[in-house]
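Visitor: Before we begin, I would like to go through the charged pairs of this model and hear how each label is justified.

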Amino acid sequence: MLLIGFLMNQTIAIQRLSAFDARGHYVYAHADLAKVFHEDSRRTLQAGLDRLVSKDILLRVAKRIYVYALSRNIGGDTLEQIARTIRRGEYNYISLESALSEYGVISQVPMDRLTVMTTGRKGEYKTPFGVIEFTHTARAVGSILDNIRTVGRPLRMASPPAACRDLRRVGRNTHLIQEEMIDEDH
């Protein structure tokens, strides 16, 4: 009887997660999943999530962050989606080596690493999709908004001059910068 209940619950979980996936939502914070499954009991929710992880329906990618493993949306933007979920409620934008590499300002391409400036805590998260490195910025929100661009992805990106300023401010490998490549038109 318990097995039938679990299989039915697993089927319902897949149906709910697939419905959200159809709308492009496949990365979840723990609190999101409590709402998806309408579960008030922390213990019951955690037991259910642990079962879904053990059955490879959910991937636990960071503490209290999950990806729907059967998602049709998993792809190049997944690491950014995870970063956005980890630091939800903060201002986050791609900068430093990740942005400068995309703009061609540095020749070094970070492999499986995303460098993100955040108004939240600094930290590094190793996920199955790559490493996310958060670097704290104390810049004023107005200054951040004036120097980032919407690029049709989950996270905004620093302009080339802003990414260079960020790199200098945090004392990173500035010798890699090709100054002649920095302009606002990138």
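Visitor: What makes the contact between lysine 126 and glutamate 124 a salt bridge?
Guide: This is a predicted model, and in it the closest N and O atoms of lysine 126 and glutamate 124 are 3.4 Å apart; because the cut-off is within 4 Å for a Lys or Arg side-chain nitrogen and an Asp or Glu carboxyl oxygen, the pair counts as a salt bridge. Both residues also belong to a network of salt bridges that includes Arg113 and Glu133.

Visitor: Why is lysine 126 called exposed, and why is glutamate 124 called partly exposed?
Guide: Lysine 126 has a relative accessibility of 65%, and exposed means over 50%. Glutamate 124 has 40%, a value that falls in the range between 20% and 50%, so partly exposed is the term that applies.

Visitor: How do you know that aspartate 50 and arginine 60 tie together separate parts of the chain?
Guide: Their side chains meet in a salt bridge at 2.7 Å, N to O. Aspartate 50 lies in helix H3 and arginine 60 in strand S2, so the pair connects parts that are 10 residues apart in sequence.

Visitor: Which residue of the salt bridge between aspartate 166 and arginine 169 is buried, and what makes it so?
Guide: Aspartate 166 is the buried one, with a relative accessible area of 0%, because buried means under 20%. Arginine 169, at 52%, counts as exposed, since the threshold is over 50%. The two residues both lie in helix H7, 3 residues apart, which is about one turn of the helix.

How values were computed
Residues are numbered from 1 along each chain as its sequence is written. This is a predicted model: local features need pLDDT of at least 70, side-chain atom pairs count only at pLDDT 80 or more; totals for chains, interfaces and linings use all residues. Side-chain values use heavy atoms; hydrogens and water are left out. Helices (H or I, at least four residues) and strands (E, at least two) are DSSP runs, numbered from the N terminus. Buried means under 20% relative accessible area, exposed over 50%, partly exposed in between (1.4 Å probe, protein chains only).
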